[in-house]
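Okay everyone, thanks for coming. Let me put the structure up, and then I'll walk you through where its parts meet.

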Amino acid sequence: MSTATIDAPAPVDDALKPFIVTLIVRRFNPELDDEPKWVDYDVEMFSTDRILDALHKIKWEQDGSLSFRRSCAHGICGSDAMRINGRNRLACKTLIKDLDITKPIYVEAIKGLPLEKDLIVDMDPFFESFREVQPFLIPSKKAEPGKERIQSVADRARFDDTTKCILCAACTSSCPIFWTDGQYFGPAAIVNAHRFIFDSRDDAAKVRLDILNDQEGVWRCRTTFNCTDACPRGIQVTQAIAEVKQALMRGKP
Amino acid sequence: MTQDPSDSTIIDGVHYHQFDIVIVGAGGAGMRAAIEAGPGAKTAVISKLYPTRSHTGAAQGGMAAALANVEEDSWEWHTFDTVKGGDYLVDQDAAEILAKEAIDAVIDLENMGLPFNRTPEGKIDQRRFGGHTRDHGKAPVRRACYAADRTGHMILQTLFQNCVRLGINFFNEFYVLDVIMSEVDGVEQPAGVVAYELSTGDLHVFHSKAIIFATGGFGKIFKTTSNAHTLTGDGVGIIWRKKLPLEDMEFFQFHPTGLAGLGILLTEGARGEGAILRNASGERFMERYAPTIKDLAPRDIVARCMVKEVAEGRGAGPNKDYVYLDCTHLGAEVLETKLPDITEFARTYLGVDPVTEPVPVMPTAHYAMGGIPTNVNAEVLRDNTTVVPGLYAAGECACVSVHGSNRLGTNSLLDINVFGKRAGNNAVAYVQNAKFLPLPEDPAVFVRDMIEGVRNNPGTERISVLRKELQEEMDTKAQVFRTDESLDSVTKTITHLRDRYMNIGVQDKGRRYNTDLLEAIELGFLLDLAEVVVFSARNRKESRGGHMRDDYPDRDDENYMKHTMAYLTGDPHSSDAADHIRLDWKPVVMTRYQPMERKY
């Protein structure tokens, strides 16, 4: 054990050699453009760089007007969900080396939400759906003053997966149903309902299930698994939706 | 997202709103304050981000509280650890409040729905963390309450969920750039804030009785940092420009385990679960430096030891410029269940699997111990003792001081909850009897001039170039080890960069989501704060906590057992910092514990 570290891998050599990557970004500035347009940029990148690094290089070295959201830059704040080569991903979690760079990389805003500028969409409709599922603990009885509630390890594990959600909208905006019907709650709202429906401390599953039984609720899901593929947190989104459907048929979690 | 437009009026293109309490910042401290303030007073929370993007969400390992759920513990031990961990620069009355109220703070969060990990009996589970000990340093204690390695994420989500439950008014992607001060009987008091709406470029005046700053830190003065791109110290900078003091700015924490070359945080909770730091030869070097608690020594000590190992040629990798965090003996199950996020970070960003390989790590700029001085009621101070009525600060932007010269891990998630709650409660009590102060004729003039000044500046300097130079210089010369020479050098650089900043030019001249303009304004705050950090650091000719002076390697209680207070006194653009910054001292509050040599 004590010498196990000597032969640890050095960063791969490729990481030391930069190369040119072409990004084609769908630009739109409502103050100047009638229609979105695709614009090419060549940037020098390392294989371990992220798409977010490429966008920063464009913004910082070529065109300061390129607009996108970002904050933590390591996949936990959920700011930079975008469509990269046609798939929803976080720009800060997508490494150049994981893409085919013999071809240009296409980057555009996520779909289904109003486009504001370049890679920025209006997130308010997304958060409105989140709010509608009552995403907060509604306990059956008040906890004893100054006391924690008891919850078994198994009960806690029951909803662990859906607590990972960072509300980035990658799932919802990858859903073909959501694209065609903006009224559909979308996977993220259902994931957040799931997080409470299956929490043993919560007593309002019925209320949330009723909300999701609506015609814009879980039954719109056609199980295309786009959402599960898109989730940067690895949440089994489609399974969570299926569990909510089953709970609806049972009438309880 | 829930702002009520009917509430506002538009005069000369400026939107006017009125709220009893305005909270600036929607991270942990801001939303914890909002949960108290919302039900008791008309409250608005203003953030330059969406609330769930705040950097509280990146905190990983845990939140300290002496619940004694898994072994004997007491708030008094926690207080002692906090004081000793801060190298005795902690105000002990504040640390006692922090440790005592920790227990309720955790229970509050559990009651609000936070999914803590549980013990086999179903109680909140607790893990070990650096500097937290049983009975005044005898052995590590399990004090950190946690939710896997996403405790901050769960706190941020839980607080946001409860803000939704309470119908708190949020103004998202509104960038606060000024506090309006009005004079009442010769005393300056806040009358509101001015914000720039990112989506439209419009200006908004929020007329209010009380203001709570909860804007987080300013780690982006450094290149290698665990901090988000957005952590540019805007709130601290606004207070500074209002000529209110900043406290202990020289004390910045470098977290030992940032992913090498990237700075992305790997929680200290990994070492709490048993991970070990090793140098190139595989030696567990912390045994040499801190024989009792080894890898669980406080962060300042571990970071220094790591840099020393590398400086003395024992670093690993092709350039011998990092050490290893070895988790391989923890087993896949512990990593996947208790440390899943950091396991994934190492895999994603370095291509290293912690289950089978040690992870390259080096210290990363992590946390500002200093900031806006407050008393234990979260009231902002204009000098060592005088309160600014109606102005509050909580969280990383504030300096109470519960962290002294070095914060213990898990005490920041605690700080935001304890002092965020206090700020909210005290603001509610304050506004019951306070009046709205009259606004000046054109309250938005300062912000309008600032924004148009940047937008229309015909300069040629690029923001990204200046920012990179600042960050690289700060990394080289004001990081874990500092000297008079290195600090003098970085001072000159900052002065030069501030001159060049006058000649910046932005390419985006538009109004909607002008993030080019946003970054320019943020850089202005970074330059101001870096100058205060370095100026304060030059003046403290001793080594204490996060401030390590190679040329003054010892702690000097006789001359420096006191807080630094920095004041902006002259033209901030004068070339010599000494012409516009005055430094003063503030006594440390000592109650139970006399300073001792700090050994672990």
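So, salt bridges: 10 of them turn up across the interface of chain B and chain A. Keep in mind that what you're looking at is a predicted model. Here's one of those pairs you can find for yourselves: B:Asp341 with A:Arg233, where the closest N and O atoms sit 3.2 Å apart.

Salt bridges aren't the end of the story here. Across that interface of chain B and chain A there are also 43 residue pairs in polar contact, counting pairs with both residues at pLDDT 80 or more.

Which bits of chain B do the touching? Helices H3 (92-112), H4 (151-166), H10 (340-350), H13 (463-477) and H15 (515-539) each bring at least two residues to the side facing chain A, and so does strand S14 (323-326). If you want one to look at, pick H4(B), which gives the most, with seven residues. And the make-up of that side of chain B? By class, we get 28 nonpolar, 26 polar and 21 charged residues.

Now, how much surface is involved? People often describe the size of an interface by the accessible area lost when the parts come together. For chain B and chain A, the buried area comes to about 6,200 Å², with 50% of it on carbon and sulfur atoms. On the chain B side, the residues losing the most area to chain A are B:Arg53, B:His229 and B:Tyr349, and together they make up 12% of what that side buries. In terms of contacts, 75 residues of chain B meet 75 residues of chain A.

Okay, let's move inside chain A. The domain assignment splits chain A into domain 1, covering 14-121, and domain 2, covering 124-250. Their C-alpha centres are 29 Å apart.

Where those two domains meet, about 1,200 Å² is buried, and carbon and sulfur atoms give 63% of that. From domain 1, A:Asn88, A:Lys111 and A:Leu113 lose the most area to domain 2, together 40% of what the domain 1 side buries. The contact count is 15 residues of domain 1 with 14 of domain 2.

How many salt bridges cross between these domains of chain A? Zero, by the rule used here. Polar contacts do show up, though: three residue pairs, both residues at pLDDT 80 or more. On the domain 1 side, strands S3 (81-84) and S4 (87-90) of chain A each supply at least two residues, and the largest share, three residues, comes from S4(A). That side of domain 1 divides into seven nonpolar, four polar and four charged residues.

How values were computed:
Residues numbered from 1 in each chain as written. Chains lettered and ligands numbered in written order. Predicted model: local features only at pLDDT ≥ 70, side-chain atom pairs only at ≥ 80, totals over all residues. Heavy atoms only, no water. Domains from an automatic or database assignment. Contact = heavy atoms within 4.5 Å. Buried area = accessible area lost by both parts, 1.4 Å probe. Salt bridge = Lys/Arg side-chain N within 4 Å of Asp/Glu carboxyl O. Polar contact = N/O pair within 3.5 Å; in protein donor to acceptor, adjacent residues only side chain to side chain. Helix = DSSP H or I, 4+ residues; strand = E, 2+ residues; numbered from the N terminus. Nonpolar A, V, L, I, M, F, W, Y, C, P; charged D, E, K, R; others polar.
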